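Here is a short briefing on one structure. Keep the sequence and the 3D view at hand while reading.

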Amino acid sequence: DGQDYELTDFRIEEQHPSPDTVEVSALFNNFGQPQHVVYLFAKAGAGWELTDVQTRGEYPMSLVKLLQ
């Protein structure tokens, strides 16, 4: 995805797959195309740690896999 954007219909959803994990989804349209970005968190001591950023849909991507 590039530097240009025209965001509409932005919303955030939160899911708790387990007591120690959280998935926060950012859903929006960019130039009319649906986008879905997921931020994955895991419990780390007294706080939370970002474990991955993923895109879902036509071109799925995982930041962790990309950086391996």
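β3 (33-44) and β4 (47-56) each supply at least two residues of the lining of the largest pocket. The model is a predicted one. The points below cover that pocket, then the sheet, the salt bridge and the segment before β1.

**Largest pocket**
- The volume of the largest pocket is about 250 Å³.
- Its lining is made up of 11 residues.
- P34, Q35, R56, E58 and Y59 lie nearest the centre of the largest pocket.
- Which strand gives the most to this lining? β3 does, with 5 residues.
- By class, the lining residues are 3 nonpolar, 5 polar and 3 charged.

**Sheet**
- The model has an open sheet of 5 strands.
- The strand order is β1-β2-β3-β4-β5, and the pairing is antiparallel.
- β1 and β5 (61-62) are the edge strands, since each pairs on one side only.
- Strands of a sheet pair through backbone hydrogen bonds, and this can be parallel or antiparallel.
- β1 (7-18) pairs with β2 (residues 21-30) in the antiparallel sense.
- That pairing of β1 and β2 runs over 8 bridges.
- R11 has L27 in β2 as its bridge partner.

**Salt bridge**
- How many salt bridges does the structure hold? It holds 1.
- R11 and E13 form a salt bridge.
- The closest N and O atoms of R11 and E13 are 3.2 Å apart. The cut-off for a salt bridge is 4 Å, so this pair qualifies.
- Side chains of opposite charge can pair when their charged atoms come close.
- Are the two partners buried or partly exposed? R11 is partly exposed, at 44% relative accessibility. E13 is also partly exposed, with a relative accessible area of 34%.
- Partly exposed covers the range between the 20% and 50% cut-offs, so both values fit that class.
- R11 thus appears twice in this briefing: in the salt bridge with E13, and as the bridge partner of L27.

**Segment before β1**
- Y5 lies in the segment before β1 (7-18).
- Y5 is exposed, at 62% relative accessibility. The class follows because exposed means over 50%.
- Which residues does Y5 contact, leaving aside its neighbours within four places in sequence? Y5 is in contact with N30 and F31.
- Y5 and N30 are 25 residues apart in sequence. In space, their C-alpha atoms are 6.0 Å apart.
- N30 falls within β2 (residues 21-30).

How values were computed:
Residues are numbered from 1 along each chain as its sequence is written. This is a predicted model: local features need pLDDT of at least 70, side-chain atom pairs count only at pLDDT 80 or more; totals for chains, interfaces and linings use all residues. Side-chain values use heavy atoms; hydrogens and water are left out. A salt bridge is a side-chain nitrogen of Lys or Arg within 4 Å of a carboxyl oxygen of Asp or Glu. Buried means under 20% relative accessible area, exposed over 50%, partly exposed in between (1.4 Å probe, protein chains only). Helices (H or I, at least four residues) and strands (E, at least two) are DSSP runs, numbered from the N terminus. Contact means heavy atoms within 4.5 Å. Two strands pair if DSSP finds at least two bridges between them. On a 1 Å grid over the protein atoms alone, a cavity is a set of points where a 1.4 Å probe fits but cannot get out, and a pocket is an open set with protein on both sides within 12 Å along at least five of seven lines; lining residues have an atom within 4 Å of a point. Grid points are joined across faces, edges and corners, and a volume is the space filled by probe spheres set on the points. Ala, Val, Leu, Ile, Met, Phe, Trp, Tyr, Cys and Pro count as nonpolar, Asp, Glu, Lys and Arg as charged, and the others, Gly among them, as polar.
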